[in-house]
Amino acid sequence: MLSCVDCGACCATFRVSFYWAESDPFAGGSVPAELTTKISPNLVSMAGTNQPNPRCVALTGEIGKQVSCSIYEQRSSTCREFEAGSTDCLKARLKHGITDDVIPIRVA
């Protein structure tokens, strides 16, 4: 398994969009609404991710060194469902120059 706490490439590669209710406390949402941007009538994105050089505002630290999510327990379904080691994960890592010699792939 890949170490997400050393990586963070996905948070600085893709738009993190999800259903608006995930950021509405009255609808049972947990994502802080002030950290989102409306992108359509039904979708919001994490602020900072809907731009040419995305970086989620909740990401702290240096990509490829040590990172963390400032809202980890409140993160969206998009983040919860993103799989370490998936094709998209590996694409994001390569975009940021992170290869398995920088952050080794951990076998479970």
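**Strand pairing, core and cysteines in a predicted model**

In this predicted model, Lys38 has Val44 of β3 as its bridge partner. That pairing belongs to a wider contact between the two strands: β2 and β3 run antiparallel and are joined by three bridges. The connection between β2 and β3 is a hairpin of four residues. On the other flank of the sheet, β1 pairs with β3, residues 43-46, again in the antiparallel sense and over three bridges. Val44 of β3 is the bridge partner of Phe18, and Tyr19 stands opposite Leu43 in β3. Val44 thus appears in two pairings, with Phe18 and with Lys38.

Taken together, these strands form an open sheet of three, in the order β1-β3-β2 and with antiparallel pairing. The edges are held by β1 (17-19) and β2 (36-38); each has a single partner strand, so one side of each is left without a neighbour in the sheet. From one strand to the next, the twist averages 40°.

It is helpful to follow Phe18 a little further, beyond its bridge to Val44. Setting aside neighbours within four places in sequence, Phe18 is in contact with residues of β3 and elsewhere, including Leu43, Val44, Ser45 and Met46. Other contacts of Phe18 include Ser23, Val31 and Thr36, as well as Ser76, Ser77 and Thr78. Phe18 is also a member of the largest nonpolar core, which has 10 residues in all: Val16, Phe18, Val31, Val44, Met46, Cys56, Ala58, Leu59, Val67 and Ile71. In soluble globular proteins, nonpolar side chains tend to be buried together.

Ser23, one of the contacts of Phe18, lies in the loop between β1 and β2. Is Ser23 buried or exposed? Its relative accessible area is 9%, and because the limit for burial is under 20%, Ser23 counts as buried. With neighbours within four places in sequence left aside, Ser23 is in contact with Phe18, Gly29, Val31, Ala33, Thr36 and Val44. Among these contacts of Ser23 are Phe18, Val31 and Val44, which belong to the largest nonpolar core.

A further pair of strands is found later in the chain. Strand β4 (residues 59-62) and β5 run antiparallel, joined by four bridges. Their hairpin has three residues between the strands, and Gly64 takes a positive phi near 85° there. Within the pair, Thr60 stands opposite Ser68 in β5, while Leu59 has Cys69 of β5 as its bridge partner.

Ser68 is found in strand β5, residues 66-69, and is partly exposed, at 40% relative accessibility. Apart from neighbours within four places in sequence, Ser68 is in contact with Ala58, Leu59 and Thr60. The side chains of Ser68 and Thr60 are also joined by a polar contact of 2.7 Å. A residue far off in sequence can be placed relative to Ser68 as well: Cys4 is 64 residues apart along the chain, with a C-alpha separation of 8.4 Å.

Cys69, also in strand β5, is partly exposed, with a relative accessible area of 29%. Cys69 and its bridge partner Leu59 are 10 residues apart in sequence and 4.8 Å apart in space, C-alpha to C-alpha. Leu59 itself is part of the largest nonpolar core, as are Cys56 and Ala58.

Finally, the cysteines were examined for bonds between them. How many disulfides does a search of the whole structure find? The search finds zero. Cys10 is in no disulfide, and the nearest cysteine sulfur, that of Cys11, is 3.9 Å away. Why is there no bond between Cys11 and Cys10? The sulfur of Cys11 is 3.9 Å from that of Cys10, its closest cysteine sulfur, which is too far for a bond, because a disulfide needs the two sulfur atoms within 2.5 Å. Both residues of this pair are partly exposed: Cys10 has a relative accessible area of 26%, and Cys11 stands at 23% relative accessibility.

Notes
Residues are numbered from 1 along each chain as its sequence is written. This is a predicted model: local features need pLDDT of at least 70, side-chain atom pairs count only at pLDDT 80 or more; totals for chains, interfaces and linings use all residues. Side-chain values use heavy atoms; hydrogens and water are left out. Buried means under 20% relative accessible area, exposed over 50%, partly exposed in between (1.4 Å probe, protein chains only). Two strands pair if DSSP finds at least two bridges between them. Axes are lines fitted to C-alpha atoms, for helices over the stretch in contact, and angles run from 0 to 180 degrees between N-to-C directions. A nonpolar core is a set of buried Ala, Val, Leu, Ile, Met, Phe, Trp, Tyr and Cys residues joined through side-chain atoms within 4.5 Å. Contact means heavy atoms within 4.5 Å. A polar contact is a pair of N or O atoms within 3.5 Å; within protein, one must be able to donate a hydrogen and the other to accept it, and residues adjacent in sequence count only if both atoms are side-chain atoms.
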